[in-house]
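The exercises that follow are meant to be worked with the sequence and the model open side by side. Try each task before reading its solution.

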Number of protein chains: 2
Amino acid sequence: MARWQPDARERLQDAALELYATHGFEETTVAEIAQAAGLTERTFFRYFADKREVIFGGQDLFQRTFTDGITSAPEGATPREIVTSAVNSAGGFFSAERRPHSLLRQGVISAHPELQERELLKMGSLAGAIAAALRERGVTEPAATLAAESGVLVFRVSFEQWLTEGNQRSLVEIERDVFAELGALNAAGS
Amino acid sequence: MARWQPDARERLQDAALELYATHGFEETTVAEIAQAAGLTERTFFRYFADKREVIFGGQDLFQRTFTDGITSAPEGATPREIVTSAVNSAGGFFSAERRPHSLLRQGVISAHPELQERELLKMGSLAGAIAAALRERGVTEPAATLAAESGVLVFRVSFEQWLTEGNQRSLVEIERDVFAELGALNAAGS
């Protein structure tokens, strides 16, 4: 039996994203990923069901960064305050050290329409999870869905700005401005 | 050659939706749809590439109901006013007479996760088209994306309410209220 590799998951992920970015997603084989990471195919499949899961496998953890923010919002918080807490919690998770990884991942997704679709569906399911968490806190419909979707929209737009070349601002700072812009855009009489 | 059927498209669509709703989408064959409509399979394929296109084939027309509203918004209109015009234009298209067809279609989609995914992607591509039309009118980013996505969100939530059992209100009336609720939810200090 192969000895336990403490960082196998990260090594496989880094190797895969590099190969997807340079050779293309379709063209890359699991054998190549394993080889580039200095591991076996069998090890790859211990961590990932397929090539796509390398990119989308962290969905649970990702979603939890939002729902943690919902749980930690104070009692009596408004829907907007709860969603802001969720989006800030996710924003804090994507620290400056994560940016290179996120940039590489985003580049691969942008180059492949079928991965873009998958990413969009992931955001849809995130909005559903946030709306459910809001309803659990007593927010009624359609406010729960409107607030959840607004939060995911702010996150998506902010995340893209965060990954822009030369950006020095933190994701949380950007989110604050995008939230304000969304509010101004949708204000009555605007 | 078969004689031209002036209403073949609608007959095939109605027959297909009925069968999808009663027998399931996967279980229904093109032969059954053609037979139920009193037409041939060959005629079916003259109008639709496959079974899924019966449900999603109207995407161009659907998108145009929004972009027509963008074109007709007066010069100097704010992003919110332009998007409201787009959403109202689509709202007007879905008249009371269209409701039974929309209800049947929605029921089929709700029962099939893969059709729900396709519908979500359709909404994503609609938001992209609206954002592009806004940029063409001089709206900058991220305002164009935020306004476009807000409009699609309002449409989606309103459309669902419009299809609720017993609803008597027009889609445009519902949209007005949902727009107001979105504005209140995202207002600074709310």
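**Exercise 1: A charged pair within chain A**

E119(A) is buried, with a relative accessible area of 13%. The model is a predicted one. Task: find which residue forms a salt bridge with E119(A), and state where the two partners lie.

Solution. Step one is to look for the partner, which is R105(A), with the closest N and O atoms 3.0 Å apart. Step two is to place both residues: R105(A) belongs to helix α7 (residues 99-110) of chain A and E119(A) to helix α8 (residues 113-136) of chain A, so that the pair, 14 residues apart, links distant parts of the chain. Step three is to ask about the surroundings of R105(A): its relative accessibility is 10%, and because buried means under 20%, R105(A) counts as buried. Step four widens the view, since R105(A), E119(A) and K122(A) are linked in a network of salt bridges.

**Exercise 2: The glutamate of chain B**

Task: describe the setting of E119(B) in helix α8 of chain B, and say which residue forms a salt bridge with E119(B) at a closest N and O distance of 3.9 Å.

Solution. First, the accessibility of E119(B) is 13%, and E119(B) therefore counts as buried. Next, leaving aside neighbours within four places in sequence, E119(B) is in contact with F56(B), R105(B) and I109(B). The salt-bridge partner at 3.9 Å is K122(B), a residue that is buried as well. Finally, E119(B) and K122(B) are three residues apart in helix α8 of chain B, which means that about one helical turn separates them.

**Exercise 3: The interface between the chains**

Task: how much area do chain B and chain A bury between them, and which charged pairs cross the contact?

Solution. Begin with the extent: the two chains bury about 2,500 Å² between them, 69% of it on carbon and sulfur atoms. On the chain B side, L146(B), L185(B) and N186(B) lose the most area to chain A, together 25% of what that side buries. The contact takes 29 residues from each of chain B and chain A.

Turn next to the polar features, where six residue pairs are found in polar contact across the interface, both residues being at pLDDT 80 or more. On the side of chain B that touches chain A, helices α6 (79-93), α8 (113-136), α9 (143-162) and α10 (171-186) each supply at least two residues, and the largest share, 10 residues, comes from α9(B). By class, that side has 15 nonpolar, eight polar and six charged residues.

The last step concerns salt bridges, of which two are counted between chain B and chain A. In one, E149(A) pairs with R156(B), the closest N and O atoms being 3.2 Å apart; in the other, R156(A) pairs with E149(B), and there too the closest N and O atoms are 3.2 Å apart. The latter pair joins two chains, because R156(A) lies in helix α9 (residues 143-162) of chain A and E149(B) in helix α9 of chain B. R156(A) is partly exposed at 27% relative accessible area, whereas E149(B), at 18%, counts as buried.

**Exercise 4: The nonpolar core**

Task: which members of the largest nonpolar core touch the most other members?

Solution. The core has 76 residues, and those touching the most other members are F66(A), L134(A), F155(A), F66(B), L134(B) and F155(B). To follow one of them, take F66(A): not counting residues up to four places away in sequence, F66(A) touches A86(A), V87(A), A90(A), L126(A), I130(A) and F155(A).

Definitions and conventions
Residues numbered from 1 in each chain as written. Chains lettered and ligands numbered in written order. Predicted model: local features only at pLDDT ≥ 70, side-chain atom pairs only at ≥ 80, totals over all residues. Heavy atoms only, no water. Contact = heavy atoms within 4.5 Å. Buried area = accessible area lost by both parts, 1.4 Å probe. Salt bridge = Lys/Arg side-chain N within 4 Å of Asp/Glu carboxyl O. Polar contact = N/O pair within 3.5 Å; in protein donor to acceptor, adjacent residues only side chain to side chain. Helix = DSSP H or I, 4+ residues; strand = E, 2+ residues; numbered from the N terminus. Nonpolar A, V, L, I, M, F, W, Y, C, P; charged D, E, K, R; others polar. Buried < 20%, exposed > 50% of the residue type's maximum accessible area, 1.4 Å probe, protein only. Core = buried A, V, L, I, M, F, W, Y, C linked by side-chain atoms within 4.5 Å.
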